[in-house]
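Colleague: I would like to take a close look at one small part of this model, and I would be glad if you went through it slowly, since I am still learning the vocabulary.

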Amino acid sequence: MTDTSHTTYRVTAHSAAGGAASVEPAGNPVPFDATAGRDESLPSPADLLLSAFAACVLKNVERFSQRLKISYERASIEVDAERQNVPPQ
């Protein structure tokens, strides 16, 4: 018997010395900054976390708009986060 009440996700991530890193959700590599400093040309792990949260919210807007029969043309979300640099937290 298959349990359909849960969905399982698996993400593979790779990192090499010097900060070359990628995460592979659904087999699609997404490079990110894993350097000790900051490579502005790549998203940081925090950027990926905030992006994933925003994507979840927008996916639920779509899902619940269909269930509740609410029409919309666009939805947007802006997520701000702050972290302490010294000491890092």
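What is the relative accessibility of arginine 38, and which class does arginine 38 count as on that basis? Please also describe its salt bridges, and the strands that belong to the picture.

Modeller: Arginine 38 has 41% relative accessibility, and therefore it counts as partly exposed, where buried means under 20% relative accessible area, exposed means over 50%, and partly exposed lies in between (1.4 Å probe, protein chains only). Before going further, please keep in mind that this is a predicted model, in which local features need pLDDT of at least 70 and side-chain atom pairs count only at pLDDT 80 or more, while totals for chains, interfaces and linings use all residues. Residues are numbered from 1 along each chain as its sequence is written, and side-chain values use heavy atoms, with hydrogens and water left out.

Let us start with the charged partners of arginine 38. A search of the whole structure gives 3 salt bridges, each being a side-chain nitrogen of Lys or Arg within 4 Å of a carboxyl oxygen of Asp or Glu. Arginine 38 forms one of them with aspartate 47, and the closest N and O atoms of that pair are 3.1 Å apart. Another joins arginine 38 to aspartate 33, where the closest N and O atoms are 3.5 Å apart. Arginine 38 also meets the side chain of glutamate 40 in a salt bridge, with 4.0 Å from N to O. Taken together, Asp33, Arg38, Glu40 and Asp47 are linked in a network of salt bridges.

The acidic members of this network can be described by their accessibility, one after the other. Aspartate 33 has a relative accessible area of 5%, so it is buried. Aspartate 47 has a relative accessible area of 31%, which makes it partly exposed. Glutamate 40, with a relative accessible area of 64%, is exposed.

Aspartate 33 deserves a second look, because at 5% relative accessibility it counts as buried and yet the side chain has a further partner besides arginine 38. A polar atom of the side chain of aspartate 33 lies 3.0 Å from the backbone nitrogen of aspartate 39. This is a polar contact (a pair of N or O atoms within 3.5 Å; within protein, one must be able to donate a hydrogen and the other to accept it, and residues adjacent in sequence count only if both atoms are side-chain atoms).

Aspartate 33 also leads us from the salt bridges to the sheet, since this residue is found in strand S3; strands here are DSSP runs (E, at least two residues), numbered from the N terminus. In general, strands of a sheet pair through backbone hydrogen bonds, either parallel or antiparallel. Here 3 strands form an open sheet in the order S1-S2-S3, and the pairing is antiparallel. Strand S1 (11-15) and strand S3 (30-33) stand at the edges, each with a single partner strand, so one side of each is left without a neighbour in the sheet.

Strand S2 (residues 20-25) and S3 pair in the antiparallel sense over 4 bridges, and two strands count as paired if DSSP finds at least two bridges between them. Aspartate 33 takes part in this pairing, as the bridge partner of alanine 20. Elsewhere along S2 and S3, valine 23 stands opposite valine 30. S2 and S3 form a hairpin with 4 residues between them, and in the turn alanine 26 has a positive phi of about 55 degrees.

On the other side of the pairing order, S1 and S2 pair in the antiparallel sense over 5 bridges. Among the residues facing each other there, threonine 12 of S1 stands opposite glutamate 24 in S2. S1 and S2 also form a hairpin with 4 residues between them, whose turn contains glycine 18 with a positive phi of about 100 degrees. S1 itself is hardly covered, for among its 5 residues the count of buried ones is 0.

To return to your question, then, arginine 38 counts as partly exposed, and through its salt bridge with aspartate 33 we reached strand S3, where aspartate 33 is found.
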